[in-house]
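Trainee: I have just opened this entry and would like to be walked through it. Could we take it one topic at a time?
Mentor: Certainly; please have the sequence and the model in view.

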There are 2 protein chains.
Amino acid sequence: MEEHKSNTSFKPIATRKIYQYILEQFVHLVSTGVLKPGDKIPSERELAESFKVSRPSVREALRVLEIIGLIDIQPGGGAYLKEMELGPFISVVAPLMFSRDRFDLELLEFRELIEIRAIELLPNPLSAEALEPMGRAIGEMRRALQDNDVEAGALADIQFHRSLLLASNSFILQKVLELVVSLFEHAVRGGRSVVLEKQEDAAQLLHDHERIYRELASGNTDQAKKLLSSHLMMVRRYLR
Amino acid sequence: MEEHKSNTSFKPIATRKIYQYILEQFVHLVSTGVLKPGDKIPSERELAESFKVSRPSVREALRVLEIIGLIDIQPGGGAYLKEMELGPFISVVAPLMFSRDRFDLELLEFRELIEIRAIELLPNPLSAEALEPMGRAIGEMRRALQDNDVEAGALADIQFHRSLLLASNSFILQKVLELVVSLFEHAVRGGRSVVLEKQEDAAQLLHDHERIYRELASGNTDQAKKLLSSHLMMVRRYLR
DNA sequence: CCTGTCAACTGGTAATACCAGTTACTATAG
DNA sequence: CTATAGTAACTGGTATTACCAGTTGACAGG
């Protein structure tokens, strides 16, 4: 059972699989800008021929690219590069996360930490393009409230925060918040009650969003920050 | 070009691929605790027969499980479940991240935000098991400083922070910090200069770590927090 | 001009085969 | 008896081939 003591410093030989080489070349081409979002990827058969490997090897590489959200594959169509999205990855991992005890609360606390930091980095004033999706989310939320559609309301709530964070100046915060928000979205769609159920609470949420939106629209970013901050803390207190 | 206006609310039909079904079953078994870390996964051929699908389909599912760091595959051996690790995912995505402008600095700022929050959640007092890897990292850093081995020093620095965050009480912060720290590690191994190069700076880092370690070991968690906080801010100022 | 058809793509899946590495059992040499 | 070498039965990695199903675009006929 014991290992041989060896004075020589032989290092274990790391063998790499073919799909990793393919993956590496793709990532390199993307990170150097040779391939850009929107570009069409050659067909699997062409790639197999170019790389001089078999189609299954190519497919495994594409599978990974799909999971990390770098390409969209349309059966019958082809594969297209896109800006990296965390959605596919999240949808796989989310069940593992939420199976943990009290994950919901932890996630909310984490989101509070990040989102408050993100709004500190909002450009001032906000552009119209940044404001527009927020307005839409509010409209959606108002409609859901009237219809008493809890899930739609929760999703609209998420959409509001998503559009808010997308306006942030920090790339990392955007990605991390996208990840967090996606987790929430997954939880809501899965029927978990990370959301407010009572109508008056939903109305309060809507009201908060509207105030934040108004302040942002009229350029009072600082005031909006304070509102959002207390808004998030209110939500957390509610859930605890 | 215009789409037909349809009053009926037909929703697009989402077709799912076989590997997704397999993936789903696996994730479900793991999240419900039926499968636990350390368990051996049946061979690809057995799985193919159980699921009544072909081996390539099984392999694509396993490939994804490998990328999200849920299984270890040993060629010739078999596949074993493990606690989810972000390493494999990071190693694919890292080049994409660092190709962005000023990503290093953003990452450092983000890490500062998270890590300061994480140390607020450190248990008090720290267990010996939590302290031990920190001590090792310090020893390694000291050795690297004497040898003037910049890369080894940087890796030991990372290892110190990694062992610190692993002691935190928050699952999410652990995972996110693991992600961030892995990104740093990747950058260092890639030869990027996210690290301090001058020897006196490295000595300063080591000195900071030693002080933090001493405070933690003697139970003065609060004092350690303050030290770590100013330590991180110092590092950031240096890089800016 | 619109519409349906058809051929040539695309990715999804299956089946099969072979290679290379691991493992465990076994026979053989000492 | 023990330790070694050999062997057989695994494992995953890769390649090949084939067929299905969906998309696309050109083309012919209304």
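**Cavity, contact and sheet**

Mentor: Sorted by class, the residues lining the largest cavity comprise 30 nonpolar, no polar and 2 charged ones. Please keep in mind that this is a predicted model.

Trainee: What volume does the largest cavity have?
Mentor: Its volume is about 540 Å³.

Trainee: And which residues are the closest to its centre?
Mentor: Among the 32 residues of the lining, those closest to the centre are A:Val176, A:Leu179, B:Leu86, B:Val176 and B:Leu179.

Trainee: Which elements give two or more residues to that lining?
Mentor: In chain A they are helix H4 (87-98), helix H5 (103-120) and helix H8 (171-189), and in chain B they are helix H4 (87-98), helix H5 (103-120) and helix H8 (171-189). The largest share, 7 residues, is supplied by H8(B).

Trainee: How many cavities of 30 Å³ or more are there in the whole structure?
Mentor: The search finds 6 of them.

Trainee: Let us move to the two chains. How many residues does each bring to the contact?
Mentor: Chain A contributes 38 residues and chain B contributes 38 residues.

Trainee: How much area do they bury between them?
Mentor: About 3700 Å² is buried between chain B and chain A, and 76% of it lies on carbon and sulfur atoms. On the chain B side, B:Leu96, B:Phe171 and B:Ile172 lose the most area to chain A, together accounting for 16% of what that side buries.

Trainee: What turn lays chain B on chain A?
Mentor: A turn of 180 degrees does so, with a shift of 0.0 Å along the axis and an RMSD of 0.1 Å. This is the relation of a two-fold axis. Both copies use the same surface, as 100% of the contact residues of chain B recur in chain A.

Trainee: Changing topic: in what order do the strands of the sheet in chain A run?
Mentor: The open sheet has 3 strands in the order E1-E3-E2, with antiparallel pairing. Strand E1 (40-41) and strand E2 (71-73) of chain A are the edge strands, each pairing on one side only.

Trainee: What holds strands together in general?
Mentor: The strands of a sheet pair through backbone hydrogen bonds, in either a parallel or an antiparallel manner.

Trainee: Over how many bridges do E1(A) and strand E3 of chain A pair?
Mentor: E1(A) pairs with strand E3 (residues 79-81) of chain A over 2 bridges, in the antiparallel sense.

Trainee: Which residue in E3(A) is the bridge partner of A:Ile41?
Mentor: That partner is A:Ala79.

Conventions. Residues are numbered from 1 along each chain as its sequence is written. Chains are lettered from A and ligands numbered from 1 in the order in which they are written. This is a predicted model: local features need pLDDT of at least 70, side-chain atom pairs count only at pLDDT 80 or more; totals for chains, interfaces and linings use all residues. Side-chain values use heavy atoms; hydrogens and water are left out. Two strands pair if DSSP finds at least two bridges between them. Helices (H or I, at least four residues) and strands (E, at least two) are DSSP runs, numbered from the N terminus. Copies are superposed by least squares on the C-alpha atoms of residues with pLDDT of at least 70 in both. Contact means heavy atoms within 4.5 Å. On a 1 Å grid over the protein atoms alone, a cavity is a set of points where a 1.4 Å probe fits but cannot get out, and a pocket is an open set with protein on both sides within 12 Å along at least five of seven lines; lining residues have an atom within 4 Å of a point. Grid points are joined across faces, edges and corners, and a volume is the space filled by probe spheres set on the points. Ala, Val, Leu, Ile, Met, Phe, Trp, Tyr, Cys and Pro count as nonpolar, Asp, Glu, Lys and Arg as charged, and the others, Gly among them, as polar. Buried area is the accessible area (1.4 Å probe) that two parts lose on being put together, summed over both.
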